Amino acid sequence: MASFASIFTIIGLAIVASMLAVFLSEGRLPVIGLLVTIAAGILIFLQILPQLSQVLQLFNSLADKVNINTYYFGTILKIIGIAYIAEFGAQVCRDAGQGAIALKVEFAAKVGIILLAMPIMAAIIQSVLRLLS
Amino acid sequence: MQDTQIIFFLTALAIAVTVLHTFLKQAGRDEYAYLTLVVGLAIGLLKVLPVIQQLFDGVQSVFKLY
């Protein structure tokens, strides 16, 4: 029931924020429109945060039940978090018209993700090598 | 939902800054008009910064990024 009510909250927030952002970006101080966009995005994310953590807890308990190594699950979770936050930042930069900075943000996120995934790739290669020998 | 106030605050800030800017420009005080733009932008940024901090804290705690 809580999720049913909050989808309407989110839609209302998004519509009002979009109208205000369009209104402000044509005025004397277009940067404030960008700030409104950022604030609306963050507020929407904070609205869905409790439900998201519920879903993640469920996944965690499922992973515990089938005896997946929790290290791998934590790594996947971290990768999703990095991807989300980097996409948020890059989209803000792109909205401001700075596509170059957005590309750099995405590149940094890719490097971070590769760094996190390195132990998993090493484990896969090691098991392949063990199969071959 | 008191966080929603920040969107309306930013809108009111932008409108007030625009009015002040137009007023000062009509009065021939161009440097003060520019100063109002800078001050308005600074106030807006200072208001949004804690919200961004909140987002980073939330993402860090949910996705266990340390």
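This is a short tour of the interface between chain A and chain B in a predicted model. Residues are numbered from 1 along each chain as its sequence is written. Local features need pLDDT of at least 70, and side-chain atom pairs count only at pLDDT 80 or more.

Begin by selecting both chains. Here 31 residues of chain B are in contact (heavy atoms within 4.5 Å) with 34 residues of chain A. Together the chains bury about 2800 Å², that is, accessible area (1.4 Å probe) lost on being put together, summed over both. Of this area, 89% lies on carbon and sulfur atoms.

Next, select Ile7(B), Leu55(B) and Phe63(B), which lose the most area to chain A within chain B, together 24% of what that side buries. A search for salt bridges (a side-chain nitrogen of Lys or Arg within 4 Å of a carboxyl oxygen of Asp or Glu) between the chains gives a count of zero.

Then move to α2(A), residues 30–65, and α1(B) (helices are DSSP runs of H or I, at least four residues, numbered from the N terminus). Their axes, lines fitted to C-alpha atoms over the stretch in contact, come within 9 Å and cross at roughly 175°, with angles running from 0 to 180 degrees between N-to-C directions. The two helices are therefore roughly antiparallel, a term for angles over 145 degrees.

Finally, display the residues where these helices meet. On α2(A) they are Ile32(A), Leu35(A), Val36(A), Ala39(A), Ala40(A) and Leu43(A); on α1(B) they are Ile6(B), Ile7(B), Leu10(B), Leu13(B) and Ala14(B).

Definitions and conventions:
Chains are lettered from A and ligands numbered from 1 in the order in which they are written. Side-chain values use heavy atoms; hydrogens and water are left out. Buried area is the accessible area (1.4 Å probe) that two parts lose on being put together, summed over both. Angles under 35 degrees count as roughly parallel, over 145 as roughly antiparallel, 65 to 115 as roughly perpendicular and the rest as oblique.
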